[in-house]
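Dear colleague,

I am handing over the structure we spoke about, and I would be grateful if you could look through it alongside the notes that follow.

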Amino acid sequence: MSSAISVVIPAHNAGRTIGMSLRHLQDELWPDDELFVVDDGSTDDTASLAQSLGACVIPTGTSGSVGNARNLGWNAATRPHVVFLDADAIVEPGWRQGVARATDEFAGSAVGCARGLVGRNAWSWVAQLQVGTPWLATGSPRPARTLPSFCLVVPRELPVRWDVTFGGEDGLFAADLLSCGVTLVFDPRFAARHEEYRDTFAQVRTWHRRLVYGMARCGPVQREGRYKRMLTRVPVHFFLLARLPRMYMRLRKDAAARRLFLRLLPWMIVAEWSLGVAALRYAASRRPPLRTASRVSAAS
């Protein structure tokens, strides 16, 4: 039982992906593992699909707060480790063994896994590349100052919970963990794909607005360096395309990915400028509130 996990999947109108996500997950889970799908006010068949595939479904009674959904699942979990998995995350073969190895080697730490890149058209690939290249399945496990929340392993007894405001809650969670003395580890030896559906420029722009909201919100407390705090106020790096060479260098061991990146370069340039335009909103105005008054407290 000591190696068993509780998987918590927050889901809002996730009928398009939840079936595929759960079927891949069930191929990996061990007999003593728990599986919770927290239905965040879905109006589609998310809950019934999840239940038919063996998940314990927890309704939130509201909608729009992935942090609240994660907290409800966390409070219901009984296993030593909780894995937060997005409803559009597809675990790769060997994922469960990777979780077990990580929880054994990095006891007491929060651990994020590698992100497999996947796309359907130019814009979906661009969205993946803009956020996914720091988390590729290369190298060895290493300390981190933040972690992606689409697949995140934490000890159940941690004295923190997710903030309930959508946008930047993952950055704030990482900052809270570091403040509590919890080590963050990125382990590229196990992975999941993030099947996000951002297939048009309009969808990418909407996503950019949420990204920069989270950046501006968490800027004062993020632990990735003073330069990051400055760039949330003065986002010149987007307009100067300063991130593109770093993205390309992270793909240096994957010839096919490099060719894809170069083919998509015109779209990447437009997307970086789009991020910059979205970020200008917070260059001179007040930052979004850091905390939300209404939060689900940690279980006693």
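**Strand pairing and packing**

Strand S6 and strand S8 (residues 151-155) are paired in the antiparallel sense, with two bridges between them. Please keep in mind throughout that this is a predicted model. Within the pairing of S6 with S8, Val111 has Val153 of S8 as its bridge partner. S6 also pairs with strand S9 (residues 184-194), in this case in the parallel sense and over seven bridges, and here Arg115 stands opposite Ala192 of S9. The strand S6 is itself mostly covered, seven of its seven residues being buried.

Ser109 is placed in the loop between helix H4 (95-105) and strand S6 (110-116). Is Ser109 buried or exposed? Its relative accessibility is 8%, and because the cut-off for a buried residue is under 20%, Ser109 counts as buried. When neighbours within four places in sequence are left aside, the residues in contact with Ser109 are Val153, Val154, Pro155, Val182, Thr183 and Val185.

Turning to the nonpolar cores, the largest has 30 residues, of which Val7, Ile9, Leu22, Leu25 and Trp95 touch the most other members. Strand S1 (residues 5-11) contributes the largest share of this core, namely four residues. Apart from this core lies another, made up of 27 residues, including Phe36, Trp162, Leu178 and Leu184. If residues up to four places away in sequence are not counted, Val7 touches Leu25, Leu29, Glu34, Leu35, Phe36, Val83, Leu85 and Trp95.

Further along the chain, His237 is found in helix H9 (residues 236-239). The relative accessible area of His237 is 14%, which is under the 20% cut-off, and so this residue is buried as well. Not counting residues up to four places away in sequence, His237 touches Leu231, Ala242 and Arg243.

Lastly, there is a pair of packed helices, H10 (residues 243-250) and H12 (residues 265-279), whose axes lie 11 Å apart at an angle of about 130 degrees. Because this angle is neither over 145 degrees nor within the range of 65 to 115, H10 is oblique to H12. The crossing in which H10 passes H12 is right-handed. On the H10 side the contact is made by Arg243, Leu244 and Met247, while H12 contributes Leu265, Met268, Ile269, Glu272 and Leu275. Arg243 therefore appears twice in these notes, as a residue touched by His237 and as part of the contact between H10 and H12.

With best wishes

Key: Residues are numbered from 1 along each chain as its sequence is written. This is a predicted model: local features need pLDDT of at least 70, side-chain atom pairs count only at pLDDT 80 or more; totals for chains, interfaces and linings use all residues. Side-chain values use heavy atoms; hydrogens and water are left out. A nonpolar core is a set of buried Ala, Val, Leu, Ile, Met, Phe, Trp, Tyr and Cys residues joined through side-chain atoms within 4.5 Å. Buried means under 20% relative accessible area, exposed over 50%, partly exposed in between (1.4 Å probe, protein chains only). Contact means heavy atoms within 4.5 Å. Two strands pair if DSSP finds at least two bridges between them. Axes are lines fitted to C-alpha atoms, for helices over the stretch in contact, and angles run from 0 to 180 degrees between N-to-C directions. Angles under 35 degrees count as roughly parallel, over 145 as roughly antiparallel, 65 to 115 as roughly perpendicular and the rest as oblique. A crossing is left-handed if the near helix is turned anticlockwise from the far one by less than a right angle, and right-handed if clockwise.
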